[in-house]
Amino acid sequence: MKALDIKRLRKSYGDFLALKGIDLEVNEGEVFALLGPNGAGKTTLIRILAEGLGYDSGEIRVFGEPLSKKTARLIGYAPQESIAYDLLTVEENLRFYADLYDAPRERVRELILEFSLPAKKKVKELSDGFKRRLNLAIALLYEPELLILDEPSAGLDVPSRRELWEAIGRLREGGKTILLATHYMEEAEALADRVAIMNEGTVIAVGTPEELKSLAGEGSVIHVEGILRGTERVKEEFPRTIEREDELRIAVEDSKTALPRIVELLVEAGSKIRTIRVEEPTLEDVFLKLTGRGLE
Ligand code: ATP
């Protein structure tokens, strides 16, 4: 059975069409990532599923049932922002939400242990990483079948992000179906069995990370770091280029001929190259190939 089956979903805000007829299927037991830049429509889709936000047209089934108040208990939701009360302790928050959701109080203890949460600490004293874990724990109070996470690790430092990913990995091993939105391709690659790449209100590709990477086509990616000058000329000659501060990723057909040319262009313009590597394509390169721009 499908955990989620979405057909031709459309949603507008006034005149603006935020979801332009989305089709999506999420299998039971998989981790499914919605990957796309800000404004792609990920949060809109999630709010329709998890918050009852209205939509214009389309069909949504959750474990076979039409999305409605009746299916709400099947879905647990951790929004981007912390929903815990700052002045209450971790345990008090969990108790509060357990009562609100009519979940058994034993779950509070279980979740504190499962997520190694400091029960007696006030939420305002928690690090961002712990706040995210608490958000996740609250979403799991009534043991939903499908867990929906909006940008679960946005803004976290690398160690906290890894810890959160491990927690999500354990949930998946426990058989939960997880739908998560992210604009970090590392997050999609680290966690997801399948990924839907979204852009401007449409799903532009769906598949396993490996399947999607094969869409980037033959060829490889040249990754240059350093103090870079002359990047405009590189972009003219190699249009599939993503530029960030001190960094270029250039998708090329044939790295043997492209590499010396890229080095020449950069060095002529006065760049100080720190490292240069030839890499396999990433999901961001797939996005670049399909849309002509980077993910951020
Ligand atoms: P983010 O990562 O920023 O949350 P997203 O992919 O989740 O991005 P959405 O938040 O779903 O994107 O937004 C999709 C589009 O809809 C954006 O162009 C946004 O400006 C617009 N939008 C979102 N919410 C509203 C609203 N309440 N009213 C009007 N426009 C909205």
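**Close-up 1. Helix α4 in the predicted model.** At 1.5 Å a residue, the 12 residues of helix α4 (residues 128–139) should span 16 Å, and the end C-alpha atoms of this helix are 17 Å apart, which agrees. The model shown here, as in every view that follows, is a predicted one. Helix α4 is mostly covered, in that 9 of its 12 residues are buried; these are G129, R132, R133, L134, N135, L136, A137, I138 and A139. The buried residues of the helix pack against two strands, β6 (75–78) and β7 (146–150), and against the helices α2 (90–100), α3 (106–114) and α5 (158–173).

**Close-up 2. The nonpolar cores, with L134 of helix α4 in view.** The largest nonpolar core has 49 residues, and those with the most contacts inside it are L94, F115, L134, L136, L141 and V195. Two of these names, L134 and L136, also appear among the buried residues of α4. When residues up to four places away in sequence are not counted, L134 touches A84, V90, L94, L117, V123 and L126. A second core, separate from the largest one, has 28 residues, including L34, I48, I75 and A196.

**Close-up 3. The open sheet and helix α1.** Four strands, in the order β2-β1-β4-β5, form an open sheet in which the pairing is antiparallel. Strands β2 (16–27) and β5 (65–66) stand at the edges, and each has a single partner strand, so one side of each is left without a neighbour in the sheet. Strand β1 (residues 2–13) is joined to β2 by 9 bridges, the two running antiparallel, and D5 stands opposite E25 in β2. Helix α1 (residues 42–51) packs on this sheet, where it touches β1, β2 and β4 (57–62), and the direction of the helix makes about 115 degrees with that of β1.

**Close-up 4. The salt bridge between K7 and D5.** K7 forms a salt bridge with D5, and the closest N and O atoms of the pair are 3.2 Å apart. Because its relative accessibility is 29%, K7 counts as partly exposed, whereas D5, at 17% relative accessibility, counts as buried, the cut-off for a buried residue being under 20%.

**Close-up 5. The salt bridge between K42 and E151.** The closest N and O atoms of K42 and E151, which form a salt bridge, are 4.0 Å apart. K42 lies in helix α1 and E151 in the loop between β7 and α5, so the pair ties together parts that are 109 residues apart in sequence. K42 is buried, with a relative accessible area of 4%, and E151 is likewise buried, with a relative accessible area of 4%.

**Close-up 6. A salt bridge within helix α1, and a network elsewhere.** The side chains of R47 and E51 meet in a salt bridge with an N to O distance of 2.8 Å. These two residues are 4 residues apart in helix α1 and are therefore separated by about one helical turn. R47 counts as partly exposed at 29% relative accessibility, and E51 is also partly exposed, with a relative accessible area of 40%. Elsewhere in the chain, E225, R249, R277, E279 and D285 are linked in a network of salt bridges. For the model, the count comes to 27 salt bridges.

Note on methods: Residues are numbered from 1 along each chain as its sequence is written. This is a predicted model: local features need pLDDT of at least 70, side-chain atom pairs count only at pLDDT 80 or more; totals for chains, interfaces and linings use all residues. Side-chain values use heavy atoms; hydrogens and water are left out. Two strands pair if DSSP finds at least two bridges between them. Contact means heavy atoms within 4.5 Å. Axes are lines fitted to C-alpha atoms, for helices over the stretch in contact, and angles run from 0 to 180 degrees between N-to-C directions. The expected span of a helix is 1.5 Å times one less than its number of residues. Buried means under 20% relative accessible area, exposed over 50%, partly exposed in between (1.4 Å probe, protein chains only). A nonpolar core is a set of buried Ala, Val, Leu, Ile, Met, Phe, Trp, Tyr and Cys residues joined through side-chain atoms within 4.5 Å.
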